[in-house]
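Hi,

Here is the structure I said I would pass on to you. Have a look at it first, and then read on for my notes.

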Amino acid sequence: MTSESAVSAAVVDELGARLKAYEGRPAAVAGIGKDPVNEPMIRHWCEAMGDTNPAYAGPEAVAPPTMLQAWTMGGLSGHSGRTGAHDELFDLLDEAGCTSVVATDCEQEYLRPLRPGDEVTFDAVIEAVSDRKTTKLGTGYFVTTRMDVRVGQDLVGTHRFRILKYAPAREKRKPEEEGARARRPRPVVNRDNAGFWEGVERHQLLIQRCTNCGTLRHPWLPGCNTCGGPDWDTVEASGNGTVYSYVVMHHPPFPAFNPPYAVGLIELAEGVRIVSNVVGVPYDKVRVGLPVRLEFRRYDDDEDDPLVLPVFRVQEGREGGVG
């Protein structure tokens with residue numbers, strides 16, 4: 001190890017030790033949910049997620065367990081129970097050049113259902129800071145926070161949220177590659193969604209179907225939201241749909257993309273919704289209600305790892321949209 005490398009490693013070790021000292025420190029104490037658990041928020045959530053489980057409606061309704069974090073969010077004004085430890089930790093990372101952040105995963109545990117009228121309180125702690133890690137995105141540290149959610153004295157659930165705070169990697173490119181468009185990121189394929197991506201490779205858009213109650217669902221999940229059944233098969237989408245909602249991406253710019261471009265929430269003829277690009281018209285001509293048709297588009301000239309994605313093309317002559 002050169003003397004310069006030794007000095008660099010010592011600086012990193014010193015930073016790591018300072019970051020580790022924040023483990024176990026509170027990030028929020030005696031936080032109070034800004035609203036009690038309530039029926040309107042439950043209804044909006046279920047409509048947005050397409051969740052028709054009857055347990056979430058009527059006089060005996062409970063809140064969907066996955067709404068756990070929604071009852072603790074502070075909005076733009078934040079929470080009064082927040083401590084300074086979390087901000088201090090992030091300031092240290094920023095000063096060390098770890099100015100970028102990406103959420104990596106979350107874990108939730110549900111101990112009892114929440115019901116309309118429940119008043120939620122919570123405490124949060126900085127549970128873990130990893131050793132220095134180098135990833136394709138860059139070099140930095142994984143920070144895990146744990147939130148304990150209570151109603152009265154009862155612990156009703158926990159929420160762990162993990163992010164990577166990192167210094168972006170500088171991509172080394174050969175002179176002949178200068179000016180060439182960067183390679184698009186590949187989708188994260190796991191055991192829950194592998195069947196979907198295998199279908200895409202065959203130019204099929206597959207929708208999960210519960211074999212117990214027949215409910216269709218997307219994105220792919222390990223179990224049915226309606227009846228809880230674990231077994232499923234698939235049906236192939238017809239490819240017809242409409243733009244249910246959309247956003248136009250301007251910022252931040254990514255090397256592999258060419259903003260501005262439209263990203264749509266597409267409602268398929270089968271009733272489920274999927275997020276994808278809307279193509280065939282300029283980004284500023286995309287409108288809610290536009291009829292679209294599925295097509296599969298290949299990105300990157302990479303024979304070893306081709307990228308094929310489902311996109312939705314506005315049907316010719318229908319650019320006027322609906323309002």
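Below is what turned up, going from the whole chain down to a few single residues.

One thing to keep in mind from the start: this is a predicted model.

**The chain as a whole**

The protein chain has 323 residues, and 34% of them count as buried. Its secondary structure adds up to 4 helices and 14 strands. If you take the contacts in the chain with a separation of 6 or more, 65% of them are between residues 24 or more positions apart. The accessible surface is about 19100 Å², and carbon and sulfur atoms hold 52% of that.

**The barrel**

Look for the barrel next. Going round it, 5 strands close up in the order 10-11-12-14-13, with mixed pairing. On average, neighbouring strands of this sheet are turned by 50° against each other, ignoring direction.

One pair to pick out is strand 12 (residues 273–279) with strand 14 (residues 307–314), which run in the parallel sense and share 2 bridges. To find your place there, go to valine 278: phenylalanine 312 in strand 14 is the residue opposite.

What lies across these strands? Helix 4 (residues 194–201) does, crossing strand 12, strand 13 (291–299) and strand 14. The helix runs at about 75° to strand 14.

**The open sheet**

There is also an open sheet of 3 strands, in the order 8-7-9, and here the pairing is antiparallel. Its edge strands are strand 8 (216–217) and strand 9 (232–236), each of which pairs on one side only. Strand 7 (residues 206–210) and strand 9 are joined by 5 bridges in the antiparallel sense. A handy marker in this pair is leucine 206, which stands opposite glutamate 236 in strand 9.

**Two residues in one loop**

The loop between strand 6 (154–168) and helix 4 is where you will find asparagine 193. Alanine 169 is in the loop between strand 6 and helix 4 as well.

Is asparagine 193 buried or exposed? Its relative accessible area is 16%, which is under the 20% cut-off, so asparagine 193 counts as buried. The side chain of asparagine 193 comes to 3.1 Å from the backbone oxygen of valine 188. Setting aside neighbours within four places in sequence, asparagine 193 is in contact with Val188 and Trp220.

Alanine 169 has a relative accessible area of 46%, and because that falls between the 20% and 50% cut-offs, this residue is partly exposed. Which residues does alanine 169 touch, not counting those up to four places away in sequence? They are Lys136, Leu137 and Gly138. For leucine 137, the C-alpha to C-alpha distance to alanine 169 is 5.8 Å, while the two are 32 residues apart in sequence.

**Cysteines**

How many disulfides does the structure hold? The count is 0. Two cysteines you may want to look at are cysteine 46 and cysteine 98. Cysteine 46 has a relative accessibility of 11%, so it counts as buried. Cysteine 98 comes out at 5% and therefore counts as buried too.

That's it from me. Happy browsing!

Definitions and conventions: Residues numbered from 1 in each chain as written. Predicted model: local features only at pLDDT ≥ 70, side-chain atom pairs only at ≥ 80, totals over all residues. Heavy atoms only, no water. Pairing = 2+ DSSP bridges. Axes fitted to C-alpha atoms, helices over the stretch in contact; angles between N-to-C directions. Contact = heavy atoms within 4.5 Å. Buried < 20%, exposed > 50% of the residue type's maximum accessible area, 1.4 Å probe, protein only. Polar contact = N/O pair within 3.5 Å; in protein donor to acceptor, adjacent residues only side chain to side chain. Disulfide = S-S within 2.5 Å. Areas by Shrake-Rupley, 256 points an atom, 1.4 Å probe, with all protein chains shown as cover.
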